[in-house]
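Notebook open, and today I'm after the empty space in this one. I want to know what lines it and which elements contribute.

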Amino acid sequence: MHPSLRVQAIQTPIIPVVGDLIRSHPGTVSLGQGVVHYGPPREALDQLPHFLNNPHAHKYGPVVGIPPLLEALEEKLSVDNGIRLCDRSALVITAGGNMAFYNAVLAITDPGDEVVLPVPYYFNHEMAITMAGGTPVLVPTDEQYQLRPDALEAAITPRTKALVTVSPNNPTGAVYPEATLRAVNALCRERGIYHLHDEAYEYFTYGD
């Protein structure tokens, strides 16, 4: 498919539409987009003059990210997640999670390949797959919005390159149990596909 036709096939973002509906119906309680009502912490704002006065901050930097940020994230992964980098893994900084996901899709798929998305899904993921010339394969979750490993396995074909999970989920908020995610890992390993796991909301959990 020609790139311009792929762009035309992308679903129009629903957020502005819902925003217009809310504005035209005063009193509506929005359970939609999570836009914070407060600004950055004072410590971050206090660092801005130091950053802006650093001449090196205005030049091209390392493609994978600046060393202090890479070091801080490597420590975070080790302390918070028990993940230690080795020769077979690496950190890459991107301009947000959407860029990271799109880069991953471009890296592992060719036009016509399939990527499995549990429903409901984050609409930007479907957009990224479509823009890359891929085919999103939508798989229903159960009545509690939990993954159905049997349905995910049934959706895998010879054209499948990846399976996507988001936990805590956007938009449902469902948190997938560790055992379920390990089962998805095992399934992907067995079928020779990638498991793209988005943890943008990992701290948005309460209790266990």
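I started with the largest cavity, which comes out at about 70 Å³. This is a predicted model, so I'm reading computed values throughout.

Next I checked how many cavities of 30 Å³ or more the structure holds, and I got one.

Then I pulled the lining of that largest cavity. I noted L117, P118, P120, Y121, Y122 and H125, then V164, T165, V166, N169 and Y176. Two elements give two or more residues each to this lining: β1 (114–119) and β3. I looked up the largest share as well, and β3 supplies it with three residues.

Charged or not? I sorted the cavity lining by class and found no charged residues, with eight nonpolar and three polar.

On to the pockets. For the largest pocket I have about 1,800 Å³ of space. I count 38 residues in its lining, and the closest to the pocket centre are L91, A100, H197, D198 and E199.

Which elements give two or more residues to the pocket lining? I wrote down α4 (67–81), α5 (97–108), β3 (160–166) and β4 (194–198). The largest share is from α5, at eight residues.

I ran the class split here too: the pocket lining has 21 nonpolar residues, 11 polar and six charged.

One last cross-check, on β3. I find this strand among the elements giving two or more residues to the largest pocket, and β3 also gives the largest share of the cavity lining.

Definitions and conventions:
Residues numbered from 1 in each chain as written. Predicted model: local features only at pLDDT ≥ 70, side-chain atom pairs only at ≥ 80, totals over all residues. Heavy atoms only, no water. 1 Å grid on protein atoms, 1.4 Å probe; cavity = no way out; pocket = protein on both sides within 12 Å on 5 of 7 lines; lining within 4 Å. Points joined across faces, edges and corners; volume = space filled by probe spheres on them. Helix = DSSP H or I, 4+ residues; strand = E, 2+ residues; numbered from the N terminus. Nonpolar A, V, L, I, M, F, W, Y, C, P; charged D, E, K, R; others polar.
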